[in-house]
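Hi,

Here is the structure I said I would pass on. Have a look at it first, and my notes follow underneath.

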Amino acid sequence: MKKIMMTLAAVCVAATMNAQVWVGGSLSFSSDHINGNDNSDKVFTIAPEIGYNLDENLSVAVALAYSHNNPANGAITNTFGIEPYARYTFCKAGNFSVFVDGGLSYATIHTQGVDDNLNALGVFVKPGIAYAVSDKVGLVAHLGKGLTYTHSWMKDAVRSNSFGFDLTNAISFGAYYNF
């Protein structure tokens with residue numbers, strides 16, 4: 001066991017010495033007050049991620065996510081998710097680059113007062129842009145949810161499949177730090 005732990009530590013150190021590893025993610029909070037209602041809808045999300053640059057144009061990464069939704073009229077939900085993905089950068093101009101992320105997603109959603117969790121397994125492809133502020137810091141933005149397919153289910157309950165293509169004005173922003 002000690003040899004395995006030492007090997008893993010050596011691999012992590014070697015990876016970071018080559019300036020190939022990046023960490024980052026996104027954080028969001030929203031609160032919508034509905035006229036005539038004493039409460040407001042509140043949503044908090046944190047989504048850290050870690051990635052590894054395989055070469056100049058290709059990266060692999062994994063994002064974790066936690067979201068807490070406290071609606072004004074409804075049950076509180078907590079969502080936990082994981083998204084392993086690959087990023088292909090196909091256009092660079094100065095500090096800007098255009099990329100596409102493609103990967104898998106899994107989420108489990110617990111709703112207050114419901115015994116079983118809703119589970120969702122999906123695949124996605126979503127476009128984005130990045131801006132290198134410096135050699136170490138980068139900003140990214142994704143446009144909409146991209147192209148998605150999701151299969152959702154609950155134990156002993158109805159299963160559903162959904163397909164979507166969303167490039168609306170819903171833009172998400174994130175920041176990254178390169179080692």
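Let me start with the pockets. Strand S4 gives the most to the lining of the largest pocket, seven residues. Strands and helices here are DSSP runs numbered from the N terminus (E, at least two residues, for strands; H or I, at least four, for helices).

Before more of that, the small print. This is a predicted model, so local features need pLDDT of at least 70 and side-chain atom pairs count only at pLDDT 80 or more, while totals for chains, interfaces and linings use all residues. Residues are numbered from 1 along each chain as its sequence is written, and side-chain values use heavy atoms, with hydrogens and water left out.

Back to that largest pocket: its volume is about 1,300 Å³. It is lined by 44 residues, and Thr 45, Ala 65, Glu 83, Lys 126 and Lys 145 are the closest to its centre. By class, the lining has 23 nonpolar, 14 polar and seven charged residues. (Ala, Val, Leu, Ile, Met, Phe, Trp, Tyr, Cys and Pro count as nonpolar, Asp, Glu, Lys and Arg as charged, and the others, Gly among them, as polar.) A pocket, on a 1 Å grid over the protein atoms alone, is an open set of points where a 1.4 Å probe fits, with protein on both sides within 12 Å along at least five of seven lines; lining residues have an atom within 4 Å of a point. Grid points are joined across faces, edges and corners, and the volume is the space filled by probe spheres set on the points.

The second largest pocket comes to about 630 Å³. Of its 26 lining residues, Asn 53, Lys 92, Ser 97, Ala 130 and Asn 178 lie nearest the centre. S3, S4, S5, S6 (118-132), S7 (137-143) and S10 (171-178) each give two or more residues to this lining, and S7 has the largest share with four. The split is 11 nonpolar, 10 polar and five charged.

Lys 92 turns up again in a salt bridge with Glu 56, where the closest N and O atoms are 4.0 Å apart. Lys 92 sits in S4 (77-93) and Glu 56 in the loop between S2 (40-53) and S3 (58-70), so the pair ties together parts 36 residues apart in sequence. Lys 92 is partly exposed at 45% relative accessible area, and Glu 56 is exposed at 63%. (Buried means under 20%, exposed over 50%, partly exposed in between, with a 1.4 Å probe and protein chains only.)

Where is the other salt bridge? Asp 101 pairs with Arg 87, with the closest N and O atoms 2.7 Å apart. Asp 101 is in S5 (96-111) and Arg 87 in S4, so this one links parts 14 residues apart in sequence. Asp 101 is buried at 2%, and Arg 87 is buried too, at 9%. The count is two salt bridges, taking a side-chain nitrogen of Lys or Arg within 4 Å of a carboxyl oxygen of Asp or Glu.

Further along, S8 (146-153) and S9 (160-166) run antiparallel, joined by seven bridges; strands pair if DSSP finds at least two bridges between them. Gly 146 stands opposite Asp 166. The two strands form a hairpin with six residues between them, and Asp 156 in the turn has a positive phi of about 55°.

Overall, the chain has one helix and 10 strands, with the helix coming before the strands. Buried residues make up 26% of the 179.

Cheers
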